[in-house]
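Open the model in your viewer and keep the selection panel at hand. We will go from stop to stop, picking residues and looking at what surrounds them.

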Amino acid sequence: MPNINLLARSNSAVWHPCTQMKHHETLPLIPIQRGQGMWLYDFDGNRYLDAVSSWWVNLFGHCNPRINAAITLQLEQLEHVMLAGFTHEPVVQLSERLAQLAPVGLGHCFYASDGASAIEIALKMSVHYWRNCGQPHKSNFISLQNSYHGETLGALSVTDVGIFKDPYSALVKQNATVLSPDWRNAEPGESARDYALRCAVQLETHLQQHHHNIAAFIIEPSVQGAAGMVMYHPAYLTRARELCDQYEVHLIADEIAVGMGRTGTMFACEQAEKPLSRDSTEEGISPDFLCLSKGLSGGYLPLSVVMTTDTIYQAFYADKVARGFLHSHSYTGNPLACSAALATLEIFKQDDVIATNRNKAVYLNRIAEPLRDHPRVKNFRNTGMIWAFEVDSLHDDFAQRCFSLALEQELLLRPMGNTIYFMPPYIISEAEMDMLVEHTLAIIAVII
């Protein structure tokens, strides 16, 4: 079947996400027939290097044989059972494994299907915790400027991207934002660390004035993804944890996009600076809530989790049903998705993925010097397995132009405004990294 056979059917039957459907009159959809490793293949035999991990979810390549095998084995035993009143081995084992890996103190896992649902859970848990503790007035939140935490109503209330939020303002609670520690906004001569700490002063001032009504501060550690791969110094995380402790406000770490090894450690929270007051040699912070999704299942099946502390768990543990956390999703803790996640964690362990990724990042940074030095490229930056830069272009439709040109170069890129980013699966080879850089340079040469 050629591509064209599927296009009309899809346009007629499917309402695609994050899309102005009318644009597909001139920018056709790409029908994908199959995937293998780093590559996606359409029905006409064209291939595309998946440089964005299919919206940041795929960690170990398409049709990974080890994850395939785990799902197939589970499929022969149990496809699904509701998690209310029942349990099963994959969800228990996954919860135990995550507790072993996560920052200290996080051990209670509440599951959902996607990232926005995980954010909803964390927000609701935080507010309900304070209610159970006799402080129902603590029901507001803080987030960073330009933050993105999802598109359900609660998640939108802590999202600061107008195109997603403004049409639904009548439905969405308005919460406060504080300065993003985005190092690109530092003054000349000001270090990224100093700028991060300067931004933290505004957070401190806001907490001083409003902490009595604030339930939680929510943050994407290390990188604000949908803001354009905003990167900041980890000193901000340390200071945020200290301030949340001081003013009795929960800290929610949204690691939906930046967890699972994406920033160079299994969890981005691990990169926070060690406070001067801590005797231990360990760095990193422990949030009150840790939200994971996307790469959690290796990019295979919808799965998200909120991990929290025993203190928060115990506030719901009571005889009265109303004190319990009664949130639910039909497919919570699905066995197939949990099995995919367990296989993903096993690959991390067996292949020493974190160390391997660090070597790959060194290689890509070295070969990307022509990109970094290109006169039209600004703010080339890297954290772990994320790269981003802005392209100086006068085209208002830069993102669409770049996307189309990338397809011609056998690349799947999805720019945000004038920001091009690479977020490839961890299995990317040196030859594929060479191609990624070379073909991106060719796109920039044409598009400007």
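With which side chain does the side chain of Gln246 make a polar contact? Select Gln246 and look along the chain: the partner is Tyr247, and the two side chains come to 3.5 Å. Keep in mind throughout that this is a predicted model.

**Stop 1: around Gln246**

Gln246 belongs to helix H9, which covers residues 235-246. Turn on the surface and you will find Gln246 partly exposed, at 49% relative accessibility. Now add Glu204 to the selection. Its C-alpha is 9.7 Å from that of Gln246, while 42 residues separate the two in sequence.

**Stop 2: the salt bridges of Glu390**

The structure has 15 salt bridges, and a good one to start with is the pair Arg184 and Glu390, whose closest N and O atoms are 3.2 Å apart. This pair ties together distant parts of the chain, 206 residues apart: Arg184 sits in the loop between strand S6 (176-178) and helix H8 (192-210), and Glu390 in strand S14 (residues 386-391). Side chains of opposite charge can pair when their charged atoms come close.

Is Glu390 buried or partly exposed? Glu390 counts as buried because its relative accessibility is 10%, under the 20% cut-off. Arg184, at 27%, counts as partly exposed.

Stay on Glu390 and select Arg381 as well: their side chains form another salt bridge, 2.8 Å from N to O. Arg381 is buried, with a relative accessible area of 4%. Add Asp182 and you have the network of salt bridges that links Asp182, Arg184, Arg381 and Glu390.

For a further salt bridge, go to Arg198 and Glu190, where N and O are 2.8 Å apart. Arg198 is partly exposed, at 39% relative accessibility.

**Stop 3: Ser143 and its surroundings**

Select Ser143 in strand S5 (residues 140-144). Ser143 is buried, at a relative accessible area of 1%. Its side chain makes a polar contact of 3.3 Å with the side chain of Ser147. Leaving out residues up to four places away in sequence, the residues that Ser143 touches include His149, Val158, Thr177 and Phe217.

**Stop 4: Asn175**

Next, pick Asn175, in the loop between helix H7 (162-165) and S6. Which backbone atoms does the Asn175 side chain approach? A polar atom of this side chain lies 3.1 Å from the backbone nitrogen of Phe141, and the side chain also reaches the backbone oxygen of Ser157 at 3.3 Å. Show the contacts beyond four places in sequence and you will see Asn140, Phe141, Ser157 and Val158 around Asn175. Asn175 itself is buried, with a relative accessible area of 13%.

**Stop 5: the nonpolar cores**

In soluble globular proteins, nonpolar side chains tend to be buried together. Here the largest nonpolar core has 91 residues, and Phe217, Tyr236 and Leu413 touch the most other members. Helix H11 (residues 335-350) gives the largest share of this core, 10 residues. Apart from it is another core, of 25 residues, with Leu123, Phe141, Phe289 and Ile312 among them.

Zoom in on Leu413. Residues up to four places away aside, its contacts include Ala51, Val52, Phe403, Tyr421, Leu436 and Ile443.

**Stop 6: two helices packed together**

Colour helix H12 (residues 353-367) and helix H15 (residues 430-447): they pack at about 35°, and their axes are 10 Å apart. The crossing of H12 past H15 is right-handed. To see the contact, show Lys360, Tyr363, Leu364 and Ile367 from H12, together with Glu430, Met433, Asp434, Leu436 and Val437 from H15.

**Stop 7: two positive phi values**

Which residue in the loop between H11 and H12 has a positive phi although it is not a glycine? Select Asp352: it lies in that loop, and its phi is near 50°. Asp352 is partly exposed, with a relative accessible area of 47%.

End the tour at Ser54, which has a positive phi of about 50° and is not a glycine either. Ser54 is in helix H2 (residues 53-56) and counts as partly exposed at 29% relative accessibility.

Key:
Residues are numbered from 1 along each chain as its sequence is written. This is a predicted model: local features need pLDDT of at least 70, side-chain atom pairs count only at pLDDT 80 or more; totals for chains, interfaces and linings use all residues. Side-chain values use heavy atoms; hydrogens and water are left out. Helices (H or I, at least four residues) and strands (E, at least two) are DSSP runs, numbered from the N terminus. Buried means under 20% relative accessible area, exposed over 50%, partly exposed in between (1.4 Å probe, protein chains only). A polar contact is a pair of N or O atoms within 3.5 Å; within protein, one must be able to donate a hydrogen and the other to accept it, and residues adjacent in sequence count only if both atoms are side-chain atoms. Contact means heavy atoms within 4.5 Å. A salt bridge is a side-chain nitrogen of Lys or Arg within 4 Å of a carboxyl oxygen of Asp or Glu. A nonpolar core is a set of buried Ala, Val, Leu, Ile, Met, Phe, Trp, Tyr and Cys residues joined through side-chain atoms within 4.5 Å. Axes are lines fitted to C-alpha atoms, for helices over the stretch in contact, and angles run from 0 to 180 degrees between N-to-C directions. A crossing is left-handed if the near helix is turned anticlockwise from the far one by less than a right angle, and right-handed if clockwise.
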